[in-house]
Amino acid sequence: ALRELFAQILDLAPDEIADDAHFMLDLGGTSLDYFTLVGEINKRFYINLSYDNNEFGYSLNDFEKLLKELL
């Protein structure tokens, strides 16, 4: 599901997104794309990623780790 969200927001094919690819540096995402991604993750998984606790993620692996901790 995360790979699909990355692909949808970045307008890429899912197989173009490596697990450890950085959202901005490797995949060409912008800060607006990033906030859109975080919003979609929050909606889809019924969570609220909070940046107060340094819960940042920039790759599929990062977001997967965050979700495992929060779900």
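A residue is called buried here when its relative accessible area is under 20%, exposed when it is over 50%, and partly exposed in between (1.4 Å probe, protein chains only). By this yardstick Ser59 counts as buried because its relative accessible area is 5%. The model is predicted, so local features need pLDDT of at least 70 and side-chain atom pairs count only at pLDDT 80 or more, whereas totals for chains, interfaces and linings use all residues. Residues are numbered from 1 along each chain as its sequence is written, and side-chain values use heavy atoms, with hydrogens and water left out.

A good place to begin is the pair formed by helix α1 (residues 2–10) and helix α2 (residues 31–45), whose axes lie 10 Å apart and make an angle of about 145 degrees. Helices here are DSSP runs (H or I, at least four residues), numbered from the N terminus. Axes are lines fitted to C-alpha atoms, for helices over the stretch in contact, and angles run from 0 to 180 degrees between N-to-C directions. The crossing of α1 and α2 is right-handed, a term for a near helix turned clockwise from the far one by less than a right angle, left-handed being the anticlockwise case. On the α1 side, Leu2, Leu5, Phe6, Ile9 and Leu10 take part, and they meet Asp33, Thr36, Leu37, Glu40, Ile41, Arg44 and Phe45 of α2. Contact means heavy atoms within 4.5 Å. Sorted by class, this contact holds eight nonpolar, one polar and three charged residues. In this sorting, Ala, Val, Leu, Ile, Met, Phe, Trp, Tyr, Cys and Pro count as nonpolar, Asp, Glu, Lys and Arg as charged, and the others, Gly among them, as polar.

Within α1, the buried residues are Leu2, Leu5, Phe6, Ala7, Ile9 and Leu10, and their cover includes α2 and α3 (60–70). Just after α1, Asp11 adopts a positive phi of about 55 degrees.

The interior can be followed next. The largest nonpolar core has 20 residues, of which Phe6, Phe23, Leu37, Ile41 and Phe63 touch the most other members. Such a core is a set of buried Ala, Val, Leu, Ile, Met, Phe, Trp, Tyr and Cys residues joined through side-chain atoms within 4.5 Å. At least two residues of this core come from each of α1, α2 and α3, and α1 gives the largest share, six residues. Beyond its neighbours within four places in sequence, Leu37 is in contact with Leu5, Phe6, Ile9, Phe23 and Phe63.

Phe23 sits in the loop between α1 and α2 and is buried, with a relative accessible area of 0%. Its C-alpha atom is separated by 5.1 Å from that of Tyr58, although the two are 35 residues apart along the chain. Not counting residues up to four places away in sequence, the residues that Phe23 touches include Phe6, Leu10, Gly28, Tyr34 and Tyr58. Ser59, in the loop between α2 and α3, touches Phe6, Asp19, Asp20 and Ala21 on that same count.

Two residues of α2 complete the picture. Asn42 lies in this helix and is buried, with a relative accessible area of 15%. A polar atom of the Asn42 side chain lies 2.8 Å from the backbone nitrogen of Leu49. Phe45, also in α2, is in contact with Ala1, Leu2, Leu67 and Leu71, leaving aside its neighbours within four places in sequence.

Terms used:
A polar contact is a pair of N or O atoms within 3.5 Å; within protein, one must be able to donate a hydrogen and the other to accept it, and residues adjacent in sequence count only if both atoms are side-chain atoms.
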